[in-house]
Structures are given as structure tokens and as C-alpha cells.
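The following note is intended for a colleague who is reading this structure for the first time. Its points may be followed with the sequence and the model side by side.

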Amino acid sequence: MSERLYIFDTTLRDGEQSPGASMTRDEKIRIARQLEKLGVDIIEAGFAAASPGDAESIHAIAEAIKESTICSLARANERDIRAAGEAIKPAARGRIHTFIATSPIHMEKKLRMQPDQVVEAAVAAVKLARQYTDDVEFSAEDALRSEPEFLCRIFDAVIQAGARTINVPDTVGYAVPHLTTEFFRKLIEGTPNSDQVIWSAHCHNDLGMAVANSLAAVMGGARQVECTINGLGERAGNAALEEIVMAVRTRCDVFDLETRIDTTQIVPASKLISSITGYPVQPNKAVVGANAFAHESGIHQDGVLKHRETYEIMSAESVGWSQNKLTLGKLSGRNAFRTRLQELGMLPEGEEALNAAFARFKELADKKREIFDEDLRALLGDSGPDATERYRLISLKVVSETGEQPTANLVMGALGEEHRVVAHGAGPVDAVFKAIESVAQSGADLLLYSVNAVTAGTDSQAEVTVRLSLDDMVVNGQGADIDVLVASTEAYISALNRLTTEAGRAHPQA
């Protein structure tokens with residue numbers, strides 16, 4: 001039998017570090033459930049010491065997930081370790097992932113510690129983590145720019161202290177594949193008791209080689225890969241889970257490894273992450289991009305029609321792509337709606353949330369004859385109005401005529417009061433956003449405005465993402481509606497509400 005390759009997903013932790021990709025507790029639980037359905041071995045649910053909200057989310061995920069190991073990141077200090085230990089307590093299987101920097105530049109410039117002090121801190125962290133769980137992972141931050149001899153020394157020490165997984169991260173995306181393979185081989189050969197632990201790779205994509213370096217690490221002896229859905233992550237992102245899994249599966253002649261990933265859940269996971277974070281997937285993205293299995297060339301089309309494998313090394317169905325199938329309509333009942341959401345891994349928490357989603361579904365069904373799975377994903381991605389939120393859309397009228405300046409007539413709720421405003425703009429969207437800001441006066445900068453059609457056809461829902469920045473905060477807002485201007489309004493208001501929430505967290509007494 002082939003050896004096992006463990007898939008460690010850090011979408012909820014490293015992926016959330018993408019600007020504006022912060023997620024609510026309920027959104028994180030939805031994602032965790034989809035990752036469990038996908039078959040991910042370890043879910044890094046967050047960084048417990050980062051905030052009370054992060055610790056609460058990890059705790060809630062640990063309660064909800066039964067099949068996957070739930071992990072919390074922790075720096076190599078007592079406060080972080082104890083916060084992580086408390087957060088993962090309810091987990092059927094819990095892991096603490098502790099780390100400290102090991103490269104000369106990090107030890108000298110960031111930590112301002114001597115190598116002996118770094119080893120001492122790492123050992124103490126692992127020993128303390130073992131008081132909470134037997135499953136402890138140790139990471140040497142910036143390992144690929146660290147001295148191999150020092151890495152072998154610190155890895156030997158933490159293995160003796162009880163670490164079960166050793167992670168060798170390319171924190172800054174500096175590595176190249178052939179050197180990564182040799183680096184892992186050298187570490188495994190040079191570390192005493194290396195056969196007692198699982199070796200792990202965690203690669204960033206700064207030079208566009210995160211997946212290549214992860215697979216190179218596997219060739220060098222790594223048996224765990226740390227990755228994210230859609231390659232989400234800070235800066236240029238992380239290694240993409242879908243690409244690693246399908247590379248290992250498609251080229252089994254090279255890797256001879258097995259994962260427990262249900263590959264048919266890859267596309268649903270990709271769509272869920274995209275809708276929640278507001279980070280769209282580029283059409284030419286491998287495996288999960290809209291064009292990944294499209295054939296424009298006549299020669300390619302002819303070959304695929306005659307025999308699929310002439311131009312496709314994997315089938316669209318194997319990763320979860322399927323034809324748009326009519327699933328529900330305006331005559332569909334609540335039970336059918338609930339069942340389909342459950343099948344899609346999108347069932348909201350609680351009856352109140354389900355009722356609100358069903359009401360939005362009925363509104364959409366009255367406007368749109370055919371309701372597809374993609375429509376449901378967009379519908380659930382748009383949380384809809386919430387009485388507890390600061391701002392909400394009541395009504396909107398936009399007038400746009402050739403040669404005339406567009407005008408937006410907006411009725412908007414703010415702190416329980418109703419505001420009626422009129423604003424002009426360079427275009428209809430500009431007019432709408434200026435109308436909103438005349439009420440909110442947030443002072444935020446618009447970093448991104450993105451519109452995507454959810455399905456084919458002129459009656460497709462528009463899925464809009466708005467990214468706002470204020471001081472050091474960056475947030476995304478999403479909206480979905482058949483009317484692109486309504487979707488744009490909802491997205492901007494959603495971003496404003498998130499901005500208000502983030503400001504409240506940063507300044508709780510304000």
C-alpha cells in the first residue's frame with residue numbers, strides 16, 4: 001500500500017491573514033464543517049492568543065468537529081500555549097502548534113535572542129503544550145533560511161521534549177524546489193530520532209513556487225503538507241490544497257502517496273471560501289478556476305470529444321465540478337431548501353438563521369426562474385439585513401441617463417434611524433457609494449470593487465465584493481442580488497458594518 005500524506009489546512013488561520021479576509025465565528029464553523037467533509041486531517045482553526053474572539057472560534061470549532069484534528073497556533077511562550085490548550089479542550093482530537101524563529105536574521109533582528117535561548121524556549125513550549133495534549137507540532141519559523149546544523153539541534157531537542165510533528169516552513173517564499181528536496185533529506189538524516197515524528201512542509205508563494213516547493217518537500221521525506229483552499233494567505237498566499245492533492249493523486253506514479261481527501265468536495269470548498277472571504281478565484285486557476293476544464297481550441301475540443309484523456313489529465317467531476325442543475329424553484333418548500341443546503345455543506349446555524357435564508361430564497365425565486373447551486377452559495381454568502389448591525393439598506397432608486405449625471409436616491413437605516421439622501425456621481429455605483437457615505441461618513445478608502453456573475457444568463461445574480469480600508473483595518477463586504485446596484489449597495493454596507501465591528505474590537509471602550 002502507498003504511504004499516507006497528511007493534509008493540514010490553515011485556511012482559518014494563515015488564510016485569514018489575507019487583507020480583508022477576516023471571518024465571523026459562524027463563518028469559521030461553516031468552513032470547518034466543509035473541511036471536515038473534504039477529509040482534511042488537521043484543521044488549524046486559529047491563533048487562540050491573538051484575541052478572545054479567535055479563542056472562542058477555535059473552542060466552538062473544537063466542539064463541532066469530530067473527524068478532523070483541531071489545532072491552534074501558539075508562539076513559544078506560556079501565555080500562548082495556555083490559551084491554545086484551553087481553546088482546543090473540547091476537541092475529540094486536539095493539537096497545539098508552537099513555533100519560534102530559527103534563522104539568523106530573525107533571531108538577531110526580531111527575537112534578539114541567542115541560539116541557546118531559542119532552543120531553551122522551544123523545549124519549554126513543547127513540554128508545556130504536552131500538559132494539554134499528546135499531539136504537539138513544532139515549527140522553526142523561517143526554516144529555509146536557517147542553518148541546517150542549528151535546525152537539527154533544535155529539532156532533536158523538541159523531539160526529546162515530546163513533539164510529534166516537525167514543521168519546516170518556508171515562511172517568506174524564498175525556497176526553490178530542487179534545493180527544498182535536498183534540505184529536507186539533510187534535516188531528516190541529520191536529526192536523531194527523525195523516524196519518530198512526521199515531517200511537515202509549509203510553503204508561501206512569494207515567488208510562485210509554494211505548491212512546487214511543497215511537493216519537493218514530499219519528495220525529500222515530508223509526510224504532512226500545510227496548505228489553504230484556493231492558496232489563500234497573506235502576501236502572495238500559501239500552497240493551494242487543491243493543487244497539491246490533485247498532483248499527488250494524478251501523478252501517483254511519482255509520489256506513491258495517498259490522502260484521505262474526498263476530491264469531489266474540492267470545488268464546493270473553493271466556492272465557500274471565495275464567497276465568505278470575498279476573494280474571487282481567477283478563471284485560469286488550476287483545478288478550481290472556471291476555465292480549468294474549458295477547451296476553446298478546435299483541436300482540443302475534437303480530441304476531448306473523441307477521448308477525454310487526450311487533453312484532460314483529470315475529470316471535472318473528480319474535483320466536484322458538475323453541470324448547473326435546477327435544484328429548487330419558487331414552489332419548493334422549506335424542507336427541500338434545508339436538505340439541499342445540508343448537501344452543499346451550507347446549512348446555517350439555528351432555526352432563525354435558516355428561516356431568514358429561506359425568506360431570501362423565496363424573494364430570489366420570485367425574480368429568477370431557475371435557481372442553481374451557485375445561486376444558493378451566493379445567497380448564503382450574503383448574510384442579508386441584520387437588526388443588530390449599524391447600517392442597513394431600506395430602499396434604493398438610481399437614475400442613469402446618457403449625457404446626464406447619475407443620481408442615487410437612498411433610504412438607509414443607521415443606528416435605528418431612517419435617513420433619506422440623494423447623491424450624484426460619475427456613474428451609478430459612484431452615486432450609490434457617495435449616498436451611503438453621506439450618511440455613514442466613515443472616512444474609509446475603497447480598495448476594491450469587484451462584480452461577478454454567479455451563473456450564466458442575463459438574469460444571473462451579481463455577486464459583489466467591496467474592500468474598505470480605514471487606518472490599519474481592511475475589511476471585505478459581500479452582496480448578491482439580481483440587481484447589480486442593489487448588490488453593490490449591500491456589499492458596501494456589509495463592509496461598513498464589518499469595519500464598525502473591527503473598530504469595536506480594536507477599541508472596546510470607544
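1. Tyr449 is a residue of strand β14. The model is a predicted one, and in it Tyr449 has a relative accessibility of 31%; it is classed as partly exposed because the value falls between the limits of 20% and 50%.

2. Tyr449 also takes part in a nonpolar patch on the surface, together with Leu446, Val451 and Val484. The area of this patch is about 290 Å². Which strand gives the most to the patch? Strand β14, which covers residues 445–453, does so with three residues.

3. Ser469 belongs to strand β15, made of residues 462–470. With a relative accessible area of 14%, Ser469 is buried, because the cut-off for that class is under 20%. Apart from residues up to four places away in sequence, Ser469 touches Ala444, Asp445, Leu447 and Val474.

4. Helix α7 runs from residue 177 to residue 190. At 1.5 Å a residue, its 14 residues should span 20 Å, and the C-alpha atoms at its ends are indeed 20 Å apart, so the expected and the computed values agree.

5. Which residues of α7 are buried? They are Thr180, Thr181, Phe183, Phe184 and Leu187. Viewed down the helix axis, these buried residues fall within an arc of 165°, and therefore they line one face of α7. As general background, an α-helix has 3.6 residues a turn, so residues three or four places apart point the same way.

6. The buried residues of α7 pack against two helices, α6 (148–161) and α8 (210–219), and against two strands, β7 (165–170) and β8 (198–203). On the other side of α7, the exposed residues are His178, Leu179 and Glu189.

7. Helix α9, residues 241–250, is mostly covered, with seven of its 10 residues buried. The buried residues are Leu241, Glu242, Ile244, Val245, Met246, Ala247 and Val248.

8. Thr489 is placed in helix α17, which comprises residues 484–506. Is Thr489 buried or exposed? Its relative accessibility is 0%, so Thr489 counts as buried. When neighbours within four places in sequence are set aside, Thr489 is in contact with Leu393, Leu396, Leu410, Val432 and Ile436.

9. A final point concerns distance along the chain and in space. Thr489 and Ile261 are 228 residues apart along the chain, and their C-alpha atoms are separated by 38 Å.

Key
Residues numbered from 1 in each chain as written. Predicted model: local features only at pLDDT ≥ 70, side-chain atom pairs only at ≥ 80, totals over all residues. Heavy atoms only, no water. Helix = DSSP H or I, 4+ residues; strand = E, 2+ residues; numbered from the N terminus. Expected span 1.5 Å × (residues − 1). Buried < 20%, exposed > 50% of the residue type's maximum accessible area, 1.4 Å probe, protein only. Arc of directions from axis to C-beta. Contact = heavy atoms within 4.5 Å. Patch = residues over 30% accessible without salt bridge, like charges linked within 9 Å, V, L, I, M, F, W, Y side chains within 5 Å. Areas by Shrake-Rupley, 256 points an atom, 1.4 Å probe, with all protein chains shown as cover. Salt bridge = Lys/Arg side-chain N within 4 Å of Asp/Glu carboxyl O.
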